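Take a walk through this structure, one region at a time. Keep the sequence and the 3D view side by side as you read.

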Amino acid sequence: MAEKTVFKRIIDGEIPADIVYEDEHCLAFRDINPRAPTHVLLIPKAEIPTLDDLSEADHALAGHLLLAVGKVAKTLGIEGAYRVVANCGAEVGQEVMHVHFHVLAGRPLGWPPG
């Protein structure tokens, strides 16, 4: 049996997190190593390692996650001024193999990223 990711352990309540949004399909919490004044991670409660692992069966969940980003932004008072980042694979910086979106705000964010 594979070891639980840190995100699964947060979902299961084994590790505390500063949760800013939760519904039946996803959870958003403050990053413990923030890269901006506002840095929240939005994760599905379903265990999906990377964006490449999403399937047609996940299309409703994928849409739900994108809509949840807007709800998180509104909750945090950052609507209209935030960036959403998703990495796919360790080579580009995905550290936890569980799909997640970074929601960043509160400072100028340069372009291109990285």
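**A guided tour**

Start with a hairpin: β1 and β2 form it, with three residues between them. The model is a predicted one. The two strands run antiparallel, and three bridges join them. Across the pair, I19 stands opposite F29 of β2.

Now look at the turn itself. D23 sits in the loop between β1 (19-22) and β2 (26-30). Which contacts does D23 make beyond its neighbours within four places in sequence? They are K45 and H64. With H64 the link is polar: the two side chains are joined by a contact of 2.7 Å. D23 also reaches back to its own loop. A polar atom of the D23 side chain lies 2.8 Å from the backbone nitrogen of H25.

D23 is buried, yet it has no salt bridge. Side chains of opposite charge can pair when their charged atoms come close. For D23, the nearest side chain of opposite charge is that of K71, and it is 5.2 Å away. A salt bridge needs the nitrogen within 4 Å of a carboxyl oxygen, so D23 and K71 do not form one.

Next, turn to the interior. The largest nonpolar core has 18 residues. Within it, Y21, A28, L42 and V72 have the most contacts. At least two residues of this core come from each of β1, β2, β3, α2 and β5. Helix α2 gives the most, with six residues. Apart from this core lies another, of seven residues, with F7, F29, L41 and I43 among them.

Y21 shows how the pieces meet. Leaving aside its neighbours within four places in sequence, Y21 is in contact with C26, L27, A28, A68, K71 and V72. One of these partners, A68, lies in helix α2. Is A68 buried or exposed? Its relative accessible area is 1%, so A68 is buried. Beyond its neighbours within four places in sequence, A68 is in contact with Y21, C26 and L42. Sequence distance can mislead here. A68 and H25 are 43 residues apart in sequence, but their C-alpha atoms are 9.6 Å apart in space.

Compare L51, in the loop between β3 (38-44) and α2 (59-76). With a relative accessible area of 31%, L51 is partly exposed. L51 touches A86, C88 and V99, not counting residues up to four places away in sequence. L51 and K8 are also 43 residues apart in sequence, and 16 Å apart from C-alpha to C-alpha.

Finally, follow the charges. How many salt bridges does the structure hold? There are six. One joins the side chains of D12 and K4, at 2.7 Å from N to O. D12 is partly exposed at 34% relative accessible area, and K4 is partly exposed at 33%. K4 also meets E14 in a salt bridge, at 2.5 Å. K4 lies in the segment before α1 (6-11) and E14 in the loop between α1 and β1, so this pair ties together parts that are 10 residues apart in sequence. E14 has a second partner in R9, with a salt bridge of 3.3 Å. Through shared partners, salt bridges join K4, K8, R9, D12 and E14 into one network.

One last stop is a peptide bond. From W111 to P112 the bond is cis, with omega near 0°. P112 lies in the segment after β5 (101-105).

Methods
Residues are numbered from 1 along each chain as its sequence is written. This is a predicted model: local features need pLDDT of at least 70, side-chain atom pairs count only at pLDDT 80 or more; totals for chains, interfaces and linings use all residues. Side-chain values use heavy atoms; hydrogens and water are left out. Helices (H or I, at least four residues) and strands (E, at least two) are DSSP runs, numbered from the N terminus. Buried means under 20% relative accessible area, exposed over 50%, partly exposed in between (1.4 Å probe, protein chains only). Lys and Arg count as positive and Asp and Glu as negative; His and the chain ends are not counted. A polar contact is a pair of N or O atoms within 3.5 Å; within protein, one must be able to donate a hydrogen and the other to accept it, and residues adjacent in sequence count only if both atoms are side-chain atoms. Contact means heavy atoms within 4.5 Å. Two strands pair if DSSP finds at least two bridges between them. A nonpolar core is a set of buried Ala, Val, Leu, Ile, Met, Phe, Trp, Tyr and Cys residues joined through side-chain atoms within 4.5 Å.
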